[in-house]
Amino acid sequence: MAKKVTVTVTEGPEQGFTHTFASGSIKVGRAKNEVILSDKKISGKHCEFSIEGDQVFVTDLGSTNGTFLGGKKVQGKMKLQNLDEVTVGLSKISVAIVDELSAFKEQNQTSRTTGMTGPFELDDLSEENDEVLDGLLEDSESSLVLESSKAAVPSSTKTQRLVADDESTRHKANPLPKEGELPSEDAVYRETGIQRIDNLISDELNTFSKWDHPSVSRSSDKVKSIPKVKVVLEPRRGPEGISQVICTQPVTSLGRRDVDVRLNDLDCSRKHSSIEILTGNKVFVRDLASTNGTYVNGKKITYQELKTGDLLQIGQSIFEVMIEGS
């Protein structure tokens, strides 16, 4: 069955970043990879995640500081299990592996229209599975309710019947028997099996779909959290005409072009840096791979938390950071 893999950065500068793939491989490193991390302990091409058949692997690509799986250094290629955690540099990556059940459900629906032929048959349902399926059937919103046992019933005691909640919702493929008639054992068993399989697959799809966006991901915090603070950048030095910058959104980008706040500074890159308000009250600055770099209190940074009174330099412009609010 096909695999779907989601890698999520749970610790490190890019915390919350996710990437999903269903075939082939993806590389992790500091440049020109599917997953780019600014962690200084990570090599240019650090490691690779790959899907091979029905298995998922992680491979170290000769990194300087190594790749680790469960505290063990990865030598060459190692097989991964669902929700394994891989450590690269100072960052950690969670791996969610999910079987794509949508193809299985589609195949089941096709089988129903062709007389229940396919990779599974109703007779394959074991007594143990029947108990699970019974629970699913009771909770379903289906209008059909079966009032009988699944076990074979002697012909002398055949008292099975189908009850419909509403006359208009009765299954057209297997209408209820006329008065005085009993439904055939095959019809009863077929109707029950189809409904149970549908319920089981729907339940699995609902469960596994949650893994498409792992709960460990915190990327939504950056986008959806409502800021409880306001960040004011007071100009202290820079080109003529530089003005105060006010940041009230979860993410505010700064630069010369295609950004939220444009700075008239020739030493500033087109997309230079961004101010990020996380969990509503923590403020960070991120350098967006600018040419001349971003500095906090004279120190070049990639990603760093800001405090009131910090001096932020972007190009030739220097701002004093003021964080207002709770």
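In the predicted model, the side chains of Lys307 and Glu305 meet in a salt bridge with an N to O distance of 3.1 Å. Glu305 also forms a salt bridge with Lys282, for which the closest N and O atoms are 3.9 Å apart, and this second pair links distant parts of the chain, since Lys282 belongs to strand β19 and Glu305 to strand β22, 23 residues apart. The three residues count as partly exposed, with relative accessibilities of 47% for Lys307, 26% for Glu305 and 41% for Lys282.

Strands β19 and β22 also contribute to the one aromatic pair that the structure holds. In this pair, Phe284 and Tyr303 are stacked, with 5.1 Å from centre to centre and 5 degrees between the planes; Phe284 lies in strand β19 (residues 282-287) and Tyr303 in strand β22 (residues 303-305), 19 residues apart. Phe284 is buried, at a relative accessible area of 15%, whereas Tyr303, at 22%, is partly exposed. A ring is involved in a further contact elsewhere, where the charged end of Lys77 sits over Phe57, 5.3 Å from the ring centre.

In total, nine salt bridges are counted. Among them is that between Glu320 and Arg236, whose side chains meet at 2.8 Å, N to O; because Glu320 lies in strand β24 (residues 317-325) and Arg236 in strand β14 (residues 229-237), this pair ties together parts that are 84 residues apart in sequence. Both partners are partly exposed, Glu320 with a relative accessible area of 21% and Arg236 with one of 49%. In addition, a network of salt bridges links Glu14, Glu276 and Arg286.

Key
Residues numbered from 1 in each chain as written. Predicted model: local features only at pLDDT ≥ 70, side-chain atom pairs only at ≥ 80, totals over all residues. Heavy atoms only, no water. Phe/Tyr/Trp six-rings, centres within 6.5 Å; stacked < 30°, edge-to-face > 60°. Helix = DSSP H or I, 4+ residues; strand = E, 2+ residues; numbered from the N terminus. Buried < 20%, exposed > 50% of the residue type's maximum accessible area, 1.4 Å probe, protein only. Lys NZ or Arg CZ within 6 Å of the ring centre and 35° of its normal. Salt bridge = Lys/Arg side-chain N within 4 Å of Asp/Glu carboxyl O.
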